[in-house]
Amino acid sequence: MFYADFETRSPDAQMLIDARITAHLNPQEAADLCGLHRTAYRRQETGSSRVNLSCFRLLLMQAGFLPPPWEGWRLHDGQIWSPEGEGFAPGEIRAIPLMNATVAAYQARQRIEEPPLAIPDTGNIVQFRKREKK
């Protein structure tokens with residue numbers, strides 16, 4: 001039974017096993033995903049060594065769970081899916097900073113190319129004089 005989330009600071013061995021099972025991985029696949037030797041990973045699952053928090057969170061993400069700002073989103077088929085059901089590929093997400101830089105450059109160019117504001121004609125404006133003290 002899965003009962004942990006990203007807020008868990010010190011997961012135990014059972015939480016790690018539950019995350020692995022939820023991700024549909026065997027111990028060797030989980031070790032490969034975490035970049036660990038199978039014995040090092042096995043020690044975490046048996047409780048003979050402390051569970052690595054990064055490894056635990058990586059297994060949660062592989063299972064499809066995302067951190068709190070991404071609640072409702074899910075990972076599936078190599079894409080991140082919005083709560084509305086729209087999928088985004090990694091290339092589309094990586095293109096966002098480039099798109100923002102392009103828009104900022106375009107807006108800066110538009111500001112430079114705008115004609116200066118015209119000075120209004122003051123012929124019909126009544127001039128106020130400062131009163132002198134007597």
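Select Ile93, Ile96, Met99 and Val103: together they make a nonpolar surface patch of about 340 Å². A patch consists of residues with over 30% relative accessible area and no salt bridge, like charges being joined within 9 Å and nonpolar side chains (Val, Leu, Ile, Met, Phe, Trp, Tyr) within 5 Å. Areas come from the Shrake-Rupley method with a 1.4 Å probe, and for residues only the protein chains shown count as cover. Ile96 belongs to helix α5 (residues 90-113) and is partly exposed, at a relative accessible area of 41%. Here buried means under 20% relative accessible area, exposed over 50%, and partly exposed in between (1.4 Å probe, protein chains only).

This is a predicted model, in which local features need pLDDT of at least 70 and side-chain atom pairs count only at pLDDT 80 or more, while totals for chains, interfaces and linings use all residues. Residues are numbered from 1 along each chain as its sequence is written, and side-chain values use heavy atoms, with hydrogens and water left out.

Next, colour the chain by pLDDT, the predictor's confidence in each residue from 0 to 100. The chain average is 84, and 81% of the residues score at least 70. Among the elements, helix α3 (residues 38-46) has the highest mean, 95, and strand β1 (residues 74-76) the lowest, 81. Helices (H or I, at least four residues) and strands (E, at least two) are DSSP runs, numbered from the N terminus. The order along the sequence is α-α-α-α-β-β-β-α.

Now move to helix α3 and select Glu45, which counts as buried at 7% relative accessibility. A salt bridge (a side-chain nitrogen of Lys or Arg within 4 Å of a carboxyl oxygen of Asp or Glu) joins the side chains of Glu45 and Arg20, at 2.5 Å from N to O. This pair links distant parts of the chain, since Arg20 lies in helix α1 (residues 13-22) and Glu45 in helix α3, 25 residues apart. Add Arg42, whose salt bridge with Glu45 has its closest N and O atoms 3.6 Å apart. Arg42 and Glu45 are 3 residues apart in helix α3, about one turn of the helix. Arg42 is partly exposed, with a relative accessible area of 43%. Arg20, Arg42 and Glu45 are thus linked in a network of salt bridges.

Finally, select Gln44, also found in helix α3 and buried at 6% relative accessibility. A polar atom of the Gln44 side chain lies 3.1 Å from the backbone nitrogen of Asn52. Beyond neighbours within four places in sequence, Gln44 is in contact (heavy atoms within 4.5 Å) with residues including Ala13, Leu16, Leu36 and Cys55.

How values were computed. A polar contact is a pair of N or O atoms within 3.5 Å; within protein, one must be able to donate a hydrogen and the other to accept it, and residues adjacent in sequence count only if both atoms are side-chain atoms.
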